[in-house]
Amino acid sequence: GGALVNADLLQAEQPTENSTRTLGQCTHHLLTTFSDTISPHLQAMCRFLHAMDSTAQSNILGLEGDTLTKAMDRKFSVLFAFDGSPSDFASLQQQASSAQLMIQCGGRVCSISAPHDKASFHGLIKDMLGDDKVTIVGFGDAQNDVSMLQSSDIACIIPRPDCAPLSLPEPPATLIHASLAAPMGWLETAEKAINIIEKRFGK
């Protein structure tokens, strides 16, 4: 949610590639703000992945090689593992919010970013396309996907092994639950979403 890459491709008759709309802050700014505003007690509970070696990163993220390198190449967020209690994490989020930072947790790690999320560009995308047939399909399997799924026209929820099913407090009208975990669950729900769109609007 930090940037919308090639945004002009959505609208211009002669689009300019590489045009990017940005909401995020660079990682240096995020880390500096975090260091200056979060209490040392809470900072000590955060283990930043960029400070770890590749083996430790791989153990936490479950990735390796080029996939791990790409996952760590982040421009608008910083990944960390949190070792505190739920009440500690709530305090961390509160302090971060006061500093105009956002802290979210995904399936394996937490992240620091500016106050934006995966839903931040949904309204802009629809406005730029200016078409009432635009349908945004969201796919998610972790808590930090909830806002994106809730602001999508079709929300596709993928189960995670050994985790409770993701719950949406305010789900959209069309909700698809995958029967399979990733990666096949993504394909399963994508096919169902395409079928729904084709029934509504035609191929």
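**Exercise 1. Find how many helices and strands the chain has, and judge how compact it is.**

Solution. The model is predicted. Start with the secondary structure: the chain contains 8 helices and 9 strands. Next, take the radius of gyration, which is 19 Å for this chain. The globule rule gives 17 Å for 203 residues. The two values are close, so the chain is as compact as a globular protein of that length. As for its extent, the C-alpha atoms fill a box of roughly 55 × 40 × 35 Å along the principal axes.

**Exercise 2. Describe burial, contacts, surface and charge for the chain as a whole.**

Solution. Begin with burial: 36% of the 203 residues count as buried. Then turn to contacts between residues at least 6 apart in sequence; 48% of these join residues at least 24 apart. The accessible surface amounts to about 11700 Å², and carbon and sulfur atoms account for 51% of that. Last come the charges. There are 14 positive and 22 negative side chains, and the centres of these two sets are 5 Å apart.

**Exercise 3. Identify which residues of the largest nonpolar core touch the most other members, and which elements each supply at least two of its residues.**

Solution. As background, nonpolar side chains tend to be buried together in soluble globular proteins. In this chain the largest nonpolar core has 18 residues. Those touching the most other members are Phe34, Phe80, Phe82, Leu92, Ile103 and Ile112. Now look at the elements. Two helices, α1 (27-37) and α5 (86-98), each supply at least two residues of the core. The strands β3 (46-48), β4 (78-82) and β6 (110-113) each do so as well.

Take Ile112 as an example. Leaving out residues up to four places away in sequence, Ile112 touches residues including Leu30, Phe34, Phe48, Phe80 and Ile103. A second core is separate from this one; it has 7 residues, among them Met148, Leu149, Ala155 and Ile157.

**Exercise 4. Two loop residues, His116 and Asn144, are to be placed: decide whether each is buried or exposed, and list its contacts.**

Solution. His116 first. His116 sits in the loop between β6 and α6 (122-129). Its relative accessible area is 8%. Buried means under 20%, so His116 is buried. Beyond four places in sequence, His116 touches Gly1, Gly2, Leu23, Gly24, Phe76, Met102 and Gln104.

Now Asn144. The loop between β7 (137-140) and α7 (146-150) holds Asn144. With a relative accessible area of 16%, Asn144 is buried too. Apart from neighbours within four places, Asn144 is in contact with Gln104, Cys105, Gly106 and Lys118.

**Exercise 5. Examine the backbone at Asn6, Gln100 and Pro183.**

Solution. Asn6 is a residue other than glycine with a positive phi, near 55°. Asn6 lies in the loop between β1 (3-5) and β2 (20-22), and at 22% relative accessible area Asn6 is partly exposed.

Gln100 is not a glycine either, yet phi of Gln100 is positive, about 60°. The loop holding Gln100 runs between α5 and β5 (102-105). Exposed means over 50%, so Gln100, at 55% relative accessibility, counts as exposed.

Pro183 concerns the peptide bond. The bond joining Ala182 and Pro183 is cis, with omega about 5°. Pro183 is in the loop between β9 (174-177) and α8 (184-201).

**Exercise 6. State how far apart in space, C-alpha to C-alpha, Ala44 lies from Asp83 and Ile60 from Ala81.**

Solution. For the pair Ala44 and Asp83, the separation in sequence is 39 residues and the separation in space is 8.7 Å, C-alpha to C-alpha. Ala44 belongs to the loop between α2 (40-43) and β3. At 63% relative accessibility, Ala44 counts as exposed.

For the pair Ile60 and Ala81, 21 residues apart along the chain, the C-alpha atoms are separated by 8.4 Å. Ile60 is part of helix α3 (residues 54-61). The relative accessible area of Ile60 is 21%, and Ile60 is partly exposed. Setting aside neighbours within four places, Ile60 is in contact with Arg47, Leu49, Met52, Arg108 and Val109.

Definitions and conventions
Residues are numbered from 1 along each chain as its sequence is written. This is a predicted model: local features need pLDDT of at least 70, side-chain atom pairs count only at pLDDT 80 or more; totals for chains, interfaces and linings use all residues. Side-chain values use heavy atoms; hydrogens and water are left out. Helices (H or I, at least four residues) and strands (E, at least two) are DSSP runs, numbered from the N terminus. The radius of gyration is taken over C-alpha atoms; the globule rule is 2.2 Å times the number of residues to the power 0.38. Buried means under 20% relative accessible area, exposed over 50%, partly exposed in between (1.4 Å probe, protein chains only). Contact means heavy atoms within 4.5 Å. Accessible areas come from the Shrake-Rupley method with a 1.4 Å probe; for residues, only the protein chains shown count as cover. Lys and Arg count as positive and Asp and Glu as negative; His and the chain ends are not counted. The place of a charge is taken as NZ of Lys, CZ of Arg, CG of Asp or CD of Glu. A nonpolar core is a set of buried Ala, Val, Leu, Ile, Met, Phe, Trp, Tyr and Cys residues joined through side-chain atoms within 4.5 Å.
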